[in-house]
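Here are my notes on this model, point by point. Please read them with the structure open.

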Amino acid sequence: MAKARTQFICQNCGTVHTRWVGKCEGCGQWNTIVEEDPMGGIGAGPGRTPKKGRPVALTTLSGEIEDAPRITTGISELDRATGGGFVRGSAVLIGGDPGIGKSTVLMQAAAALSRQGHRIIYVSGEEAVAQVRLRAQRLGAADTDVLLAAETNVEDILATLGEGKRPDLAIIDSIQTLWSDTADSAPGTVTQVRTGVQAMIRFAKQTGAAIVLVGHVTKEGQIAGPRVVEHMVDAVLYFEGDRGHHYRILRTVKNRFGPTDEIGVFEMSDKGLREVTNPSELFLGERNSKSPGAAVFAGMEGTRPVLVEVQALVAPTSLGTPRRAVVGWDGARLSMILAVLEAHCGVRLGQHDVYLNIAGGYRITEPAADLAVASALVSSLAGLALPSDCVYFGEVSLSGAIRPVAHTAQRLKEAEKLGFSQAVLPSASADLPKGAGMSWAEMESLPDLVARIAGSKAALRQTDDDD
Ligand code: TYD
Ligand code: MG
């Protein structure tokens, strides 16, 4: 019999190390390594011989499916993010920072589903029954038939869920509080969290109940984050948002039963989360269109266009090494745009600090934002405001060429709907609408764009030399 060995597992990403180290080689986080017993979670400790397997019944693909495969909440933004509702027999993970609104949205979903006559069980391991009731009252959900339990032990939860009629949806809030008798390590460790989640997934598959698992994103240390169970569940949604802003974005990062690029947008109010069906209006709400350095990006989130303002500040630096700071966009991508501006457009930024911000705490992942970012940067550097009725989109390549992006017609349609009348877009864009109420300028390369904004490249160099 092999000697039982412990492993050192990163609580952030799950990387296994053979010895304790201060910094995880997998994700670069410090002090996240915890010693755990790998066998603890499998229940096959030393001295136990594996039991002989028994054959399971094989079936065909074309069998009966008893119920509608999905249960829709009627909260359209939530249904959109899940790809059309919770799938029976599946496990969904909802991750996010503590306090972002995970319990709130799930209580609202539970109430909505319960009103439709579904059997919903809400298991809270974080809050006492009284606290959950208080929230439910605030959300106007107290009169529904949502069944509530405050429990953290996996075996007890499973016994509870298995009793009586099968629940249509069970919410486990949160996976970090789960602990199982079969795992030796402390609650919140990777082994415990994985064991608990595994048991819940097994329950979902066996009974056909939909399971929603809540996972807190942990900044540091001893608690396992939701990432360590992402591979096990059927869908992963992250709740994002900025504490300073009211709205929250539910972003799909994995979905075995639907698209992965959808977002649901909510606004946090004193009565819970409200759906935002037209996010562009929200993101463009506080726009100051007269100042240099602002460009409106016509983006896409899944099947839905979203307009958002890109803000840049380019100012002479007082430091030896100029600062580059980005909020809401990829820092590496900003460096790339700056390099292309320097190399191909004669825009020198070596003596300038560059700050880039996506308005309202929104986060852009699309490369199509390159053109809007470049426009905002050039506009700020030149001190020239861009036309306030113009939207920008297109991908910039390292050669300075502007590449077409998908969904041109949809982006233009949304812009027109919101009162924009011009667009700057890549040349050779496909599906340009005919006879639309918008005019557009097709850009072949980044120097063309710079010339358009600054009047001429020379004028821009002049500004650069002046300071
Ligand atoms: P919560 O759902 O408890 O967060 P999580 O489960 O992700 O940790 O949300 C907590 C925050 O939401 C808290 O800061 C209070 C705020 N909130 C409202 O603004 N309005 C409401 O109606 C509710 C229920 C919460
Ligand atoms: Mg909570």
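1. Threonine 104 puts a polar side-chain atom 2.5 Å from an oxygen atom of ligand 1. A polar contact here is a pair of N or O atoms within 3.5 Å; within protein, one must be able to donate a hydrogen and the other to accept it, and residues adjacent in sequence count only if both atoms are side-chain atoms. Backbone atoms take part as well. A polar backbone atom of lysine 102 is 2.8 Å from an oxygen atom of ligand 1. For a polar backbone atom of glycine 272, the distance to an oxygen atom of the ligand is 2.7 Å. On its own, ligand 1 has 560 Å² of accessible area, and the protein covers 75% of that (Shrake-Rupley method, 1.4 Å probe; for residues, only the protein chains shown count as cover).

2. Keep the status of the model in mind. It is predicted: local features need pLDDT of at least 70, and side-chain atom pairs count only at pLDDT 80 or more, while totals for chains, interfaces and linings use all residues. Residues are numbered from 1 along each chain as its sequence is written, chains are lettered from A and ligands numbered from 1 in the order in which they are written, and side-chain values use heavy atoms, with hydrogens and water left out.

3. Which residues come nearest to ligand 1? They are Gly99, Ser103, Thr104, Ser269 and Gly272, out of 17 around the ligand (near means a heavy atom within 4 Å). By class, the shell has 7 polar, 6 charged and 4 nonpolar residues. Ala, Val, Leu, Ile, Met, Phe, Trp, Tyr, Cys and Pro count as nonpolar, Asp, Glu, Lys and Arg as charged, and the others, Gly among them, as polar. Helix α2 gives the most to this shell, with 3 residues. Helices (H or I, at least four residues) and strands (E, at least two) are DSSP runs, numbered from the N terminus.

4. Now the sheet next to α2. Its 9 strands run in the order β8-β7-β9-β10-β6-β11-β12-β13-β14; the sheet is open and the pairing mixed. Strands pair if DSSP finds at least two bridges between them. The edge strands, β8 (147-150) and β14 (272-275), each pair on one side only. β9 (169-173) and β10 (210-216) pair in the parallel sense over 5 bridges. There, aspartate 173 stands opposite valine 214. α2 packs on the sheet, and β6, β7 and β13 are among the strands it touches (contact: heavy atoms within 4.5 Å). The direction of α2 makes about 160 degrees with that of β7.

5. A second open, mixed sheet has 7 strands, ordered β17-β18-β16-β15-β19-β22-β23. β17 (324-327) and β23 (439-443) are the edge strands. β22 (422-426) runs parallel to β23, joined by 5 bridges. Valine 424 stands opposite alanine 441. Helix α8 (370-382) lies across β15, β16, β18, β19 and β22, at about 30 degrees to β16. Axes are lines fitted to C-alpha atoms, for helices over the stretch in contact, and angles run from 0 to 180 degrees between N-to-C directions.

6. Last, the start of the chain. β1 (7-10) is antiparallel to β3 (33-36), with 4 bridges. Isoleucine 9 has valine 34 as its bridge partner in β3, and it stands opposite valine 16 in β2. β1 and β2 form a hairpin with 5 residues between them. Glycine 14, in the turn, has a positive phi of about 90 degrees.
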